[in-house]
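Here is a short briefing to read alongside the model. We begin with one contact between chains, then turn to domains and symmetry.

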There are 4 protein chains.
Amino acid sequence: MIIVMKPKTKQEEIEKIRVRLSQLGCEVRDIKGLNYHIFGLIGNTNLVDPDRLLANEGVEKVIHVQEPYKIANRLFHPEDTIVEVAGRKIGGGNFAVIAGPCSVESEEQIACVAEAVKAAGAGFLRGGAFKPRTSPYSFQGLREDGLELLKLARQKTGLPVVSELMSVEHLPRFIEDVDIIQIGARNMQNYELLKAVGKTNKPVILKRGLSSTIEELLLAAEYILAQGNNQVILCERGIRTFEKYTRNTLDLSAIPVIKKLSHLPVIVDPSHAGGIWWLVEPLAKAALVVGADGIMIEVHNDPVNAKCDGQQSLKPERFASLMDSLKELAKIEHKNI
Amino acid sequence: MIIVMKPKTKQEEIEKIRVRLSQLGCEVRDIKGLNYHIFGLIGNTNLVDPDRLLANEGVEKVIHVQEPYKIANRLFHPEDTIVEVAGRKIGGGNFAVIAGPCSVESEEQIACVAEAVKAAGAGFLRGGAFKPRTSPYSFQGLREDGLELLKLARQKTGLPVVSELMSVEHLPRFIEDVDIIQIGARNMQNYELLKAVGKTNKPVILKRGLSSTIEELLLAAEYILAQGNNQVILCERGIRTFEKYTRNTLDLSAIPVIKKLSHLPVIVDPSHAGGIWWLVEPLAKAALVVGADGIMIEVHNDPVNAKCDGQQSLKPERFASLMDSLKELAKIEHKNI
Amino acid sequence: MIIVMKPKTKQEEIEKIRVRLSQLGCEVRDIKGLNYHIFGLIGNTNLVDPDRLLANEGVEKVIHVQEPYKIANRLFHPEDTIVEVAGRKIGGGNFAVIAGPCSVESEEQIACVAEAVKAAGAGFLRGGAFKPRTSPYSFQGLREDGLELLKLARQKTGLPVVSELMSVEHLPRFIEDVDIIQIGARNMQNYELLKAVGKTNKPVILKRGLSSTIEELLLAAEYILAQGNNQVILCERGIRTFEKYTRNTLDLSAIPVIKKLSHLPVIVDPSHAGGIWWLVEPLAKAALVVGADGIMIEVHNDPVNAKCDGQQSLKPERFASLMDSLKELAKIEHKNI
Amino acid sequence: MIIVMKPKTKQEEIEKIRVRLSQLGCEVRDIKGLNYHIFGLIGNTNLVDPDRLLANEGVEKVIHVQEPYKIANRLFHPEDTIVEVAGRKIGGGNFAVIAGPCSVESEEQIACVAEAVKAAGAGFLRGGAFKPRTSPYSFQGLREDGLELLKLARQKTGLPVVSELMSVEHLPRFIEDVDIIQIGARNMQNYELLKAVGKTNKPVILKRGLSSTIEELLLAAEYILAQGNNQVILCERGIRTFEKYTRNTLDLSAIPVIKKLSHLPVIVDPSHAGGIWWLVEPLAKAALVVGADGIMIEVHNDPVNAKCDGQQSLKPERFASLMDSLKELAKIEHKNI
């Protein structure tokens with residue numbers, strides 16, 4: 001950690017800070033520049049709170065040198081983490097395809113979509129039971145009944161299921177009924193929820209918040225990891241920008257960056273990112289070639305009558321044709337799909 | 001609601017959409033332009049899901065004419081909502097000052113700050129017991145013990161207390177111990193939490209999410225209002241932009257805009273917005289003159305040793321001098337402070 | 001164009017607007033909703049200024065139905081535009097590779113890089129002579145001398161050259177010396193410059209501004225097109241977001257969107273977008289699979305001693321290996337590279 | 001300047017960097033941490049290009065300690081710069097009011113607005129002759145004729161005039177006809193234009209770019225200052241965010257920040273920031289209380305027929321009433337208005 005003192009700070013104030021720093025359990029070194037006096041803190045600086053240092057009038061900036069996350073950090077865990085669910089692997093050269101409707105609507109609907117995505121080659125079934133909707137007047141999901149229908153679809157197809165958890169109180173039910181728990185973008189910094197899933201041993205898909213930095217995503221993952229659950233899969237799903245044509249802006253550079261910084265698998269959700277069905281195919285293909293460990297795609301047998309996100313859902317035929325393209329690309333990129 | 005069809009859509013597809021629209025319980029009108037066929041939907045369009053319409057291949061855009069929130073909408077409730085807490089009013093020409101430390105740290109600390117802000121003229125005491133922190137390794141608050149200390153401070157000073165609720169499971173405790181429940185920016189779209197506080201009759205301060213639009217903030221408020229709790233106070237606390245010098249960018253234009261769109265009171269948190277103590281005073285004054293109904297300010301007796309946000313906390317003396325400036329401005333602006 | 005009147009507007013004000021609208025040379029239709037009165041304007045609404053309508057107190061919003069650009073609009077020009085430069089095609093299934101150093105530094109340097117990128121299969125040589133630098137103290141380019149050296153490199157390799165124009169006063173020189181004129185992101189809305197290049201018949205690469213929407217990019221292109229020059233190639237080079245790890249956030253969804261809205265070719269600059277050399281390869285590959293018509297890549301024989309952007313430049317060997325990957329992908333995607 | 005080496009970098013690479021650094025004319029110090037080796041560069045690091053250092057494989061980050069601008073930096077010029085135009089002062093406790101129409105439209109219009117704003121107490125007349133418009137089909141200004149009409153208005157009222165310069169080729173005309181040259185937001189990084197006005201001795205208002213950081217604004221100012229012209233006035237006019245209700249988001253925190261970092265005067269343009277006339281008054285008042293040195297306001301005698309920006313223009317009566325409020329606030333804030 002680097003602490004830069006304000007120019008023209010009195011020697012006495014500098015010494016006061018030196019004393020403070022030395023009480024933090026780290027070694028203190030310094031560099032005296034022309035205008036700036038700089039301290040370097042050596043040791044475990046994870047527990048040093050930069051805000052507290054900044055509260056000293058003489059301190060100009062505090063700069064982290066080491067990343068603030070530890071368990072998620074590739075520096076201390078160089079090999080890829082591979083998450084295994086019902087015999088299927090995510091990460092480490094395996095490209096996972098998670099597909100299904102935005103929300104579970106009926107037994108027929110989820111069964112029909114589940115069969116279709118399985119036939120096309122998807123490895124996992126997604127389906128929302130609890131739905132976070134911007135408006136309280138929008139369809140909020142079938143809730144517990146949705147989970148029940150998901151289980152039926154799993155039974156029929158053998159596909160492990162992914163569904164979004166929105167509150168700690170539903171966790172026991174999710175542990176029992178769901179194979180991968182999804183934490184949505186809006187809950188990425190719902191820390192009580194993160195801690196709660198961290199105490200389970202369920203695989204978790206953690207979606208990047210709409211305006212979260214990569215560092216914040218990794219720190220949110222660290223909340224889960226620090227509780228003992230190391231089955232975390234990160235998910236890029238678009239960030240908010242000033243561009244209005246697409247719902248969000250898919251940040252594909254985040255994939256190679258995250259893979260550099262962390263050993264956790266990272267997947268892409270092109271359906272929510274663009275918000276338009278005809279953007280899903282090009283973005284899914286791009287996700288594969290930039291190095292993602294999988295994708296999550298919305299598929300619906302009847303998008304026009306879907307209870308949510310119909311405009312961004314693929315019909316089963318289009319999904320099948322996307323799978324063909326992905327398989328071709330996976331060969332070139334040496335990924336197992 | 002306006003539905004714009006894609007140019008060159010076949011008549012037959014247009015008729016199909018007309019039939020669909022007429023089944024939504026609204027009246028359908030149309031305008032045929034040179035390249036575009038446009039439908040107008042008249043009636044209660046709040047229940048019409050634009051995404052479902054967009055899933056039709058012939059539909060180009062769907063445009064809301066009416067705001068998607070109803071109970072929060074000033075159109076249907078022209079007079080200002082005034083929230084009353086322990087005889088103190090927020091909204092309707094009253095300027096509320098909420099002050100206190102970022103987090104409750106000890107009995108002495110909270111008592112000392114509480115006395116100081118009361119002496120300077122604050123009407124409410126803030127203090128975090130449960131703290132949402134970006135890193136799992138940062139101080140997470142005293143939790144239940146913090147609430148206990150807050151109660152002691154209330155007893156001593158008579159100031160009603162505000163504290164942040166992070167999970168539904170702590171709600172019963174908050175109903176008993178706290179006068180105003182705060183929902184933090186990171187939980188603005190934690191819908192299960194919003195519904196839960198909506199079922200209580202506690203006043204709620206709802207902070208705008210880091211990248212939420214004004215419309216989304218009002219829809220989040222609508223979640224609370226729709227459950228029957230109309231004691232909602234909105235709070236602007238800075239949005240995320242590319243600017244790095246300040247922690248966030250305080251969006252002061254949002255104040256007059258929100259007051260135009262909604263009847264709910266709206267306050268400003270200049271401490272979190274800028275993230276630097278010397279920005280608090282100018283931004284607090286600006287909040288008053290743009291028409292805010294109050295401010296929420298971090299005050300700490302010993303910022304350098306604060307367990308969080310020391311760098312943005314005012315010392316009691318500075319807070320007192322800020323109060324003097326605010327009182328002077330309040331006179332000009334005809335606000336009760 | 002749709003004009004929405006404020007709720008509760010008096011009939012008399014509505015009639016006043018109707019009269020105004022009817023004077024604009026368009027047909028006026030209306031739809032009377034429960035709270036809103038809506039006008040539809042039919043005809044050539046490109047010349048109608050929405051701001052002027054909004055200045056009427058009774059008007060709530062003005063919504064464009066038709067895109068505001070005409071010549072760039074695919075609606076009126078369905079087939080792809082193909083720009084041809086020295087027998088090389090950009091657009092319409094051809095994938096152009098433009099490569100070279102950020103800036104021309106010396107005869108040896110530009111010759112060396114030019115030979116290397118040619119050998120690897122690039123079709124065009126880029127090289128900055130006039131450099132827009134954030135700091136006035138950074139290297140500003142060799143200016144006229146740089147153009148001279150570029151010409152020598154073209155002579156040796158036969159590669160057409162691309163260089164950035166920063167001011168109208170240098171245009172005559174560029175017309176003579178350069179094959180494609182580049183307008184940089186910072187000058188995307190330098191309208192006098194756009195008009196000036198619009199009056200030439202030189203191909204132009206127009207880079208998207210750092211915070212420009214796709215619509216604004218197409219309107220900037222329209223400035224050039226409207227002057228008679230239809231040789232415009234658009235370039236996505238990353239937009240500004242809150243993410244700090246990468247220099248900018250490459251918006252790859254913009255590629256399929258632009259190709260839907262416009263017939264102009266669109267290329268991608270992954271070097272400037274990410275700002276880090278190891279991001280160039282994955283992003284370049286992603287650009288190809290999302291449907292871009294080409295890429296622009298920074299290559300330098302000695303990045304460590306480059307006078308600018310060394311950190312994002314590929315060495316010739318890496319560029320050659322990237323070309324191999326691109327050729328493989330081009331086969332699958334049926335692109336000529 | 002701080003240079004952080006990648007963890008696990010070999011000693012030999014570290015030594016190579018040390019040698020490179022020592023050739024830059026600065027003193028090199030180092031701190032060896034647990035995982036990171038850190039170099040501190042002492043001396044004039046303004047000429048050291050961080051990108052070139054980053055091009056070395058072993059270098060992880062390069063961190064500026066000293067601000068990259070020098071002449072604009074308050075550190076080296078502690079007292080406020082005061083710009084004087086025709087006996088009127090901007091900066092140093094003086095609050096300048098610049099008002100007038102978005103664009104000059106006719107002799108009557110500019111004369112009428114000029115008289116009105118003078119009567120209300122404005123000190124300067126603004127009026128666009130060359131207009132940067134997003135669409136090539138929008139009114140582009142009266143150009144040279146507009147300058148002529150501005151001069152007539154100046155003659156009649158004695159108000160110094162401000163107008164926007166869009167291209168170097170018009171500079172001689174502006175030097176003769178205009179009292180303050182405005183560089184618009186879209187041209188903030190049009191470096192050839194900045195250099196050109198830097199060679200004159202005309203006062204310049206430099207508007208912050210739509211997505212420029214405060215640091216970039218100060219570096220753009222540095223381009224002008226470095227050429228010898230120290231009459232620079234900065235202008236905050238709203239930045240681009242995801243919020244759609246307002247045209248841009250006015251960044252009022254930027255005012256105290258800029259005044260901390262620089263000695264240059266800084267004014268606010270609330271008309272362009274919000275894009276709505278009823279936002280102008282609250283934002284103008286807020287600008288004064290956060291410490292701005294002035295405001296620039298659009299005023300039009302007939303907004304409904306204005307050739308541009310009618311929706312954000314104040315009528316003369318409203319402007320006069322705004323002036324009354326500002327005078328009252330100026331008294332409290334000890335500003336000369």
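In this predicted model, 30 residues of chain A are in contact with 30 residues of chain C. The points below look at where the chain A side of that contact comes from, how chain A divides into domains, and how chain B relates to chain A.

**The side of chain A that touches chain C**
- Four helices of chain A each give two or more residues to this side: α8 (254–261), α9 (270–274), α10 (277–290) and α11 (316–333).
- The largest share comes from α10(A), with seven residues.
- Sorted by class, this side of chain A has 17 nonpolar residues, eight polar ones and five charged ones.

**Domains of chain A**
- The domain assignment splits chain A into domain 1, covering 2–63, and domain 2, covering 74–333.
- Taken over C-alpha atoms, the centres of domain 1 and domain 2 of chain A are 43 Å apart.

**How chain B relates to chain A**
- Chain B superposes on chain A after a rotation of 180° with 0.0 Å of shift along the axis, at an RMSD of 0.0 Å.
- This is the relation of a two-fold axis.
- Which residue of chain B comes closest to the rotation axis? It is S211(B), whose C-alpha lies at 2.9 Å.
- The copies meet through the same surface, because 100% of the interface residues of chain B are also interface residues in chain A.

Terms used
Residues numbered from 1 in each chain as written. Chains lettered and ligands numbered in written order. Predicted model: local features only at pLDDT ≥ 70, side-chain atom pairs only at ≥ 80, totals over all residues. Contact = placed C-beta atoms within 7 Å. Nonpolar A, V, L, I, M, F, W, Y, C, P; charged D, E, K, R; others polar. Domains from an automatic or database assignment. Least-squares fit on C-alpha atoms with pLDDT ≥ 70 in both.
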